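Student: I am new to this structure and should like to look closely at a single part of it. Would you please take me through its salt bridges and their surroundings in one connected account?

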Amino acid sequence: MSKIKLILRCLVPASVVFWAILVSAGEMHVLVKDQNGQAVEDAVALATPVDARNLALPKQAINEMDQKDTAYVPHVKVVTAGSKVYFPNQDNIRHHVYSFSPAKVFELPLYSGHAAPPILFDKAGPVMLGCNIHDWMIGYIYVADTPFFGKSAKNGKILIADVPPGAYWVRIWHPNLQGTEESTMRKVTLDATKAANMEWQLTLKPVFRIPQASGRSGAAYR
């Protein structure tokens, strides 16, 4: 057998394997707008297989919800159920993180720096965060029951990549959503040969934000 034929025989199986990997997963492209047609930031899209009996949630790397300039950064964070989240305090003042949400009730007593222990989020659903010292500090952690999720940027766009072909229930959540995420649910069938493009228009509630106090130096809260 010539060297050329031998090389070709070796290459063909590899190319077939590569093609199988290439078409084994697809993408979901989601665009989220509000009732006025404006792009919505911080919307969470979740895709759950219709047959989710063998759905596995991968272990995530260390997650962090920072506290910087007396605000939670990011404003909305998504983690999979079973994940631990650290709450480092980058401010030179103390914070007291807490939540009364059904998905997770907890509190991290007054602290500064990176010494606070991580919190385990083992139940799916939205978790609203507050601070007992700074009332205007509001943040959200969405605990996902699926590994296929994404969060919208300022342009309202979400990309969910590496999704195996099949039928999915896709739903949208946002901190200001009027109604429940179940009301946004759609059934989508994903073909690995092309991306699935979806658009949602949400009705968002007006939100009253507590203004950040001025002149509150760290001295009173150290």
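Tutor: A salt bridge is counted here when a side-chain nitrogen of Lys or Arg lies within 4 Å of a carboxyl oxygen of Asp or Glu. The model is a predicted one, and it contains 5 salt bridges.

Some context comes before the details. The protein has 222 residues, of which 40% are buried, and its secondary structure consists of 1 helix and 17 strands. Of the contacts between residues at least 6 apart in sequence, 64% join residues at least 24 apart. The protein exposes about 12,800 Å², and carbon and sulfur atoms supply 56% of that area.

One of the salt bridges joins the side chains of Asp42 and Lys151, with 3.7 Å from N to O. Asp42 belongs to the loop between strand 1 (26–33) and strand 2 (44–49), while Lys151 belongs to strand 13 (residues 149–151), so this pair ties together parts that are 109 residues apart in sequence. The two partners may also be described by their accessibility. Asp42 has a relative accessible area of 13% and is buried, whereas Lys151, with 32%, is partly exposed.

Another salt bridge is formed by Arg53 and Asp51, whose closest N and O atoms are 2.8 Å apart. Arg53 counts as exposed, at 70% relative accessibility. Asp51 is partly exposed, with a relative accessible area of 47%.

The account now turns to Arg171, which is placed in strand 15. Arg171 forms a salt bridge with Glu181, and the closest N and O atoms of the pair are 2.6 Å apart. Arg171 lies in strand 15 (residues 166–173) and Glu181 in the loop between strand 15 and strand 16 (186–190), so the pair ties together parts that are 10 residues apart in sequence. The side chains of Arg171 and Glu181 are also joined by a polar contact of 2.6 Å. Both Arg171 and Glu181 are buried. For Arg171 the relative accessible area is 9%, and the term buried applies because that value is under 20%.

This pair does not stand alone: Asp145, Arg171 and Glu181 are linked in a network of salt bridges. Leaving aside residues up to four places away in sequence, Arg171 touches several others, among them Val44, Ala45, Leu46 and Thr48. Tyr142, Asp145, Glu181, Thr184 and Met185 are also among the residues that Arg171 touches. In addition, Arg171 and Arg186 are 15 residues apart in sequence, and their C-alpha atoms are 6.5 Å apart in space.

Met185, one of the residues touched by Arg171, leads to a feature of the surface. Together with Val50 and Trp169, Met185 forms a nonpolar surface patch, and the three have about 240 Å² of accessible area together. Val50 is found in the loop between strand 2 and strand 3 (63–64). With a relative accessible area of 39%, Val50 is partly exposed.

In summary, the Asp42 and Lys151 pair ties together parts 109 residues apart in sequence, Arg53 pairs with Asp51, and Arg171 shares a network of salt bridges with Asp145 and Glu181.

Note on methods:
Residues are numbered from 1 along each chain as its sequence is written. This is a predicted model: local features need pLDDT of at least 70, side-chain atom pairs count only at pLDDT 80 or more; totals for chains, interfaces and linings use all residues. Side-chain values use heavy atoms; hydrogens and water are left out. Helices (H or I, at least four residues) and strands (E, at least two) are DSSP runs, numbered from the N terminus. Buried means under 20% relative accessible area, exposed over 50%, partly exposed in between (1.4 Å probe, protein chains only). Patches are made of residues with over 30% relative accessible area and no salt bridge: like charges are joined within 9 Å, nonpolar side chains (Val, Leu, Ile, Met, Phe, Trp, Tyr) within 5 Å. Accessible areas come from the Shrake-Rupley method with a 1.4 Å probe; for residues, only the protein chains shown count as cover. Contact means heavy atoms within 4.5 Å. A polar contact is a pair of N or O atoms within 3.5 Å; within protein, one must be able to donate a hydrogen and the other to accept it, and residues adjacent in sequence count only if both atoms are side-chain atoms.
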